[in-house]
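Okay, thanks everyone, let me share my screen. I'd like to walk you through one sheet, one strand in it, and then one pocket.

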Amino acid sequence: MDPHAERWFAAWNARDAEAIMALYADNVVFHSPFVTRLGLSDTGQLTGKSALDGYVRMALPRVRNLKFEPIGVCEGIHDHTLVYRNQSGHIVAERHQYDADGLICLASAAYSTSPLRSEEHTSELQSHSDLVCRLLLEK
């Protein structure tokens, strides 16, 4: 797995706010529907590391069973898309773009509309991560 992806999964799964924030650039732009759900922005966008830090520190205590299970990593030129299953069973595709220092400067998350709970389906997705990546790239 890509070293950036390994660090990202390790930091989030450890629920380590400091390690999570160390992955992001000061001028990061972050998009997620959960930003809106938490009432932090009507547009779902946060700009700057300070705003993202507020989101992370608000979200971590609310999701005590947080777990991101990697399904696949789609690599681009200056970015990649992590595909994973979260603790609620939703499939998530999160795109990260990197700056010259290797820090995430743009992050955008998209979530499945309903949870995927079947182990059979999860195994099928894991064995077809290349297909998932190809579909994401065709969007």
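Before I start on the pairing, a quick definition: two strands count as paired if DSSP finds at least two bridges between them. Helices (H or I, at least four residues) and strands (E, at least two) are DSSP runs, numbered from the N terminus. What you see is a predicted model, where local features need pLDDT of at least 70, side-chain atom pairs count only at pLDDT 80 or more, and totals for chains, interfaces and linings use all residues. Residues are numbered from 1 along each chain as its sequence is written, and side-chain values use heavy atoms, with hydrogens and water left out.

So, the sheet. There are 6 strands in an open sheet, ordered 2-1-6-5-4-3, with mixed pairing. At the edges sit strand 2 (45-47) and strand 3 (69-75), each pairing on one side only. From one strand to the next, the twist averages 20 degrees; angles here run from 0 to 180 degrees between N-to-C directions, with axes fitted to C-alpha atoms, for helices over the stretch in contact.

Now look at strand 4, residues 79-85. How does strand 4 pair with strand 5, parallel or antiparallel? It's antiparallel, over 7 bridges. In that pairing, H80 stands opposite H96 of strand 5. The two strands make a hairpin with 5 residues between them, and G89 in the turn has a positive phi of about 90 degrees.

On the other pairing, strand 3 and strand 4 are also antiparallel, over 6 bridges, and their hairpin has 3 residues in between. For the register, P70 has Y84 as its bridge partner, and G72 has V83.

How buried is strand 4? 6 of its 7 residues are buried, so the rest of the structure largely encloses it. Buried means under 20% relative accessible area, exposed over 50%, and partly exposed in between, with a 1.4 Å probe and protein chains only.

Next, the helices. Helix 1 (residues 3-13) lies across strands 1, 3, 4, 5 and 6, at about 40 degrees to strand 4. Helix 4 (residues 49-62) packs on the sheet too, touching strand 1 and strand 2, and makes about 60 degrees with strand 1. Contact, by the way, is heavy atoms within 4.5 Å.

Helix 4 is also where you find Y55. At 7% relative accessibility, Y55 counts as buried. Leaving out residues up to four places away in sequence, Y55 touches F30, S32, F34, V35, L38, L40 and L46. Take V35: it's 20 residues from Y55 in sequence, but their C-alphas are 7.2 Å apart.

Which residues are closest to the centre of the second largest pocket? They're F34, Y55, A59, V63 and Y111, out of 21 lining residues. Helix 4 gives the largest share of that lining, 4 residues. By class, the lining has 14 nonpolar, 4 polar and 3 charged residues.

That's the tour, so let's go to questions.

Terms used
On a 1 Å grid over the protein atoms alone, a cavity is a set of points where a 1.4 Å probe fits but cannot get out, and a pocket is an open set with protein on both sides within 12 Å along at least five of seven lines; lining residues have an atom within 4 Å of a point. Ala, Val, Leu, Ile, Met, Phe, Trp, Tyr, Cys and Pro count as nonpolar, Asp, Glu, Lys and Arg as charged, and the others, Gly among them, as polar.
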